[in-house]
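Please open the structure in your viewer and keep the selection tool at hand. We will go from place to place, with a note at each stop on what to select.

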Amino acid sequence: MARILVAEKIAEPALQRMRDAGHEVDIQVGLSPEELIEAVVGAQALIIRSATTVTAQVINSGKDLVLVGRAGVGLDNVDVAAATEAGVLVANAPLSNVVSAAEQTLALILATARNLPQAHSALTQGRWERSAWSGVELQGKTLAIVGLGRIGRLVATRAAAFDMRLIGYDPYVTQESAAEAGVELVSLDEIAARADFLTLHVAKTPDTTNLIDAAFLAKAKATLRVINVARGGIVNEADLAEAIASGQIAGAGIDVWETEPTTESPLFALPSVVVAPHLGASTAEAQDKAGDAIADQVLAALSGKPVEFAVNA
């Protein structure tokens, strides 16, 4: 029997599967960084989501750790290098939230196009502002998709149903592969020149940090609306706010933030911006999938079997 420390909420069926396998499931949600360093002592597995940071200190404190499991996709909150050096596997659930993230992207595209949150807020406060929140149609508009992986391709399929023109940028994808998704592969400069909507579906790396900044936005069309459901920091929030406030571009829909949680941003004061507190994976279906996937990884690791989604095997 192993002790599995669960530092964030995951679906109950996944927890029960690990109990049924004979393991102790130790749920300690809301730990401070110092408390996590103490709690991980003696644990063979650690399960987290996006709110918990697994530092080298945590890894080194968890001398019995076999696996750190991220019930979700991004691993920017895990020191994978430190885990690798310590011989600890790191695994995620890369397929768990792809549909939810794609649908959140379309929700933000529609919300920014039609100003729905702003109109809702005005009406519930007793103001009938029908003319103030006139929007634009998606049909015939150009959607640029930066990152043509699983989520980017799902977005392309859904946007095509709105009869949008699809262009994209991904240095790891061929013209032929992009064409199969109905996307014309172009350069970032051409995206700036042509896009009415821009959505991001790339990992946060040194190459993608501040990818959308003042220099990019200076080349953009005045009709551009920027959508980010990927990771905070890929879009420079201060540069984006300045571009929208000055009328350089039309607006934005932002789900992820450079610092999370965040309750202050220059983007919050702009009427053409729709914001959300990182809800891309916040559906019942995505949470169930993430829990099931990470339970699979933990049970495999603890029984000495191959871990399908290990990123450092």
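Is phenylalanine 268 buried, partly exposed or exposed? Select it: with a relative accessibility of 37%, phenylalanine 268 counts as partly exposed, where buried means under 20% relative accessible area, exposed means over 50%, and partly exposed lies in between, for a 1.4 Å probe and protein chains only.

Before going on, note that this is a predicted model, in which local features need pLDDT of at least 70 and side-chain atom pairs count only at pLDDT 80 or more, while totals for chains, interfaces and linings use all residues. Residues are numbered from 1 along each chain as its sequence is written, and side-chain values use heavy atoms, with hydrogens and water left out.

Now add tryptophan 257, which is buried, at 6% relative accessible area. The ring centres of tryptophan 257 and phenylalanine 268 lie 5.4 Å apart and their planes meet at 80°, so the pair is edge-to-face; rings of Phe, Tyr and Trp (its six-membered ring) pair if their centres lie within 6.5 Å, and planes under 30 degrees apart count as stacked, over 60 as edge-to-face and the rest as tilted. A search of the whole structure finds one aromatic pair.

Next, select helix 1, residues 12-20; helices (H or I, at least four residues) and strands (E, at least two) are DSSP runs, numbered from the N terminus. Its buried residues are Ala14, Leu15 and Met18. They cover an arc of only 100° around the axis, which puts them on the same side of helix 1, the arc being that of the directions from the helix axis to the C-beta atoms. On the other side of helix 1, Pro13 and Asp20 are exposed.

Move to Ile191 and Leu240, which have the most contacts inside the largest nonpolar core, a group of 31 residues. Such a core is a set of buried Ala, Val, Leu, Ile, Met, Phe, Trp, Tyr and Cys residues joined through side-chain atoms within 4.5 Å. Helix 11 (237-245) is among the elements that each supply at least two residues of this core, and helix 11 gives the most, with four residues.

Finally, show the strands: seven of them form an open sheet in the order 8-7-6-9-10-11-12, with parallel pairing, where two strands pair if DSSP finds at least two bridges between them. The edge strands are strand 8 (184-185) and strand 12, each pairing on one side only. Strand 7 (residues 165-169) pairs with strand 8 over two bridges, and isoleucine 167 stands opposite glutamate 184 in strand 8.
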